[in-house]
Amino acid sequence: QSYRRGSHSPMAATTLLLSILGLSLGLWVEVDPAHAKTKGLHTLFQTVDGHLGIEQEGHAYGMAGRGNWARFVLIEVVDWKEGQNATALAEEVRAQKDYHYVRLQNVGNPCNFLRVFHGNNGELLVDGRGNSSSEETIFGVKTETGKTRLYSHATESYLTVNEKDVGATFNASSGTIFNQYNVKFRVQEGDKIEDAYQCKTYAPHEEFNFTLEEKMFFRDNGYVIAKQAIEKEMVDDALRLINRAIQRGHHGANDHASDSALASDGFGNFDLSIRKSPEIMNLFYGTKVWGLAESLIGKNKLWIEHQAQVALRYPLPKNATKELPNDMWHVDGIDSQTGVNNFTMLIGIVLSPWKEPFCGQFVVFPKTHYQMYDDISRLGRKNFVTLYNNPRPALETEPLQLMAEPGDVVFAHPLLPHRAGPNHSANIRYAVFFRVHRPGKKSRELNFSDLFLEFDGIRELPAAS
């Protein structure tokens, strides 16, 4: 692909618009707008029942209102080449003088681009989880506002909307005709733009794989550690951001920070601006972590919300009793009858040394994800939650305090019992956690039919002996 950088007036329009949005763009995408007239404007695509939109979790839907989830910035792919695999249909759309090839960047979540792609069985799928460098996110749209169809280059299909459902069809005459129009983007003095946060766009991430032995360890024990998966500079960047946030927050207080400008409170809870900052999100997007997660779940089959959990454990008093009872554990969501197994994998980024026991490190109960799976399958979600909360029973498996160094990454099954260990050291325990999802997980109960239903990299392993 070829991208041009010029000094034409559309670039000036985009520079102003992106500076307002607070976006930080990488080098893999050109940012000329499709329309020279869209300075300070957002584009909407109206249907019979509402507008095309992208929900917070990346689902595309057709009954959005007029808010930021239904608004797009059109980013033209300038001097884009069809390549040797161009077909007659793609060339025909390209040749239409009133069409431009663009990417549709969502305003509500600037990291989300609309895309059309092929599912496992060759079916056409649409969602908002595309990125700024994939051909799946390239659409043909009309130059001017008005009636238009959205043509997907990668699949040579047209977008369709049926009430809430968004799909695609190979039949041009069956593609939905949208009313494409612009609305002014207004920013008044003193306004805060909560929905348009900084977001870096990335070139396609590199492919990294766990070894066969590591995958088998994950299957059998419920977790695996990737040693030194993150470079020291990126660890330091995250630590610097967190420590500066602590500086702006309360110190040793038991009350939560009430001033929204404060980024941290006395419990180590952090403001959203910290949890979705580039320094934190880069720990996933800009490292081996993304590729390693895909080696367990499947290529192009995971999604994360654009925020993380920044998790600190402060030192306990010097004379506190060191104990690690077997009945102090949890699986995420166990306190809610609808929360168990509501994501695909837990990823923990180690930011401080875990060299000895009782320094606040991540604690797991190896192999007990099988017990959780058996009990949920046998009892059902509601009874499982009731049983394990009144009170929480002790597990027969002894807890294991993980030893790790900054830059190591823990990958854990969502049903593996775990906890944060007590911190009897003199230092704060630093960690960041991501919860990744596999798209299409709408019926949680169905996913209890197989403990590794969402893990292609585990399902392909030879049977355990």
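Are Trp329 and Tyr388 buried or exposed? In this predicted model, both Trp329 and Tyr388 are buried, and the legends below begin with the chain as a whole before returning to that pair.

**View 1. Overview of the predicted chain, with its 10 helices and 23 strands.** Of the 465 residues of the chain, 53% count as buried. The computed exposed surface comes to about 22000 Å², and carbon and sulfur atoms supply 48% of that area. Among contacts with a separation of 6 or more, 76% are made by residues 24 or more positions apart in the chain.

**View 2. The edge-to-face pair of Trp329 and Tyr388.** A pair of aromatic rings is described by the distance of the centres and the angle of the planes. The whole structure holds 15 aromatic pairs, and in the one formed by Trp329 and Tyr388 the centres lie 5.5 Å apart, with 75° between the planes. The pair links distant parts of the chain, since Trp329 belongs to the loop between β17 (309–313) and β18 (345–350), whereas Tyr388 belongs to the loop between α9 (381–387) and β20, 59 residues apart. The ring of Trp329 also has the charged end of Arg392 sitting over it, 5.5 Å from the ring centre.

**View 3. The largest nonpolar core, seen around Ile347.** This core contains 60 residues, of which Ile347 and Phe411 touch the most other members. Helix α4 (residues 232–248) gives the most to this core, with 8 residues. Leaving aside residues up to four places away in sequence, Ile347 touches a set that includes Phe284, Val289, Ala293, Phe411, Val432 and Phe434. A second, separate core of 20 residues has Ala60, Val102, Val161 and Phe178 among its members.

**View 4. Helix α6 (residues 278–285), a mostly covered element.** Of the 8 residues of α6, 6 are buried, and these are Ile280, Met281, Asn282, Leu283, Phe284 and Tyr285. Phe284 is also one of the residues that Ile347 touches, which connects this view with the preceding one.

**View 5. Strand β12 (residues 157–162) and its two hairpins.** Strand β12 is mostly covered, with 5 of its 6 residues buried. Strand β11 (residues 151–152) pairs with β12 in the antiparallel sense over 2 bridges, and Ser152 has Ser157 as its bridge partner in β12. The hairpin of β11 and β12 has 4 residues between the strands, and there Glu156 takes a positive phi near 50°. Strand β13 (residues 165–169) also pairs with β12 in the antiparallel sense, over 5 bridges, with Asp165 of β13 as the bridge partner of Asn162. In the hairpin of β12 and β13, which has 2 residues between the strands, Glu163 takes a positive phi near 55°.

**View 6. An open sheet of 3 strands in the order β20-β19-β22.** The pairing in this sheet is antiparallel. Strands β20 (400–401) and β22 (418–420) stand at the edges, and because each has a single partner strand, one side of each is left without a neighbour in the sheet. Strand β19 (residues 362–364) pairs with β22 over 3 bridges, and within this pairing Phe362 is matched with its bridge partner Ala420 in β22.

**View 7. Further aromatic groupings, at Phe218 and at Phe117.** Phe218, Tyr370, Phe452 and Phe455 form one aromatic cluster. At Phe117, the charged end of Arg115 sits over the ring, 4.0 Å from its centre.

Technical notes
Residues numbered from 1 in each chain as written. Predicted model: local features only at pLDDT ≥ 70, side-chain atom pairs only at ≥ 80, totals over all residues. Heavy atoms only, no water. Pairing = 2+ DSSP bridges. Buried < 20%, exposed > 50% of the residue type's maximum accessible area, 1.4 Å probe, protein only. Core = buried A, V, L, I, M, F, W, Y, C linked by side-chain atoms within 4.5 Å. Contact = heavy atoms within 4.5 Å. Areas by Shrake-Rupley, 256 points an atom, 1.4 Å probe, with all protein chains shown as cover. Phe/Tyr/Trp six-rings, centres within 6.5 Å; stacked < 30°, edge-to-face > 60°. Lys NZ or Arg CZ within 6 Å of the ring centre and 35° of its normal.
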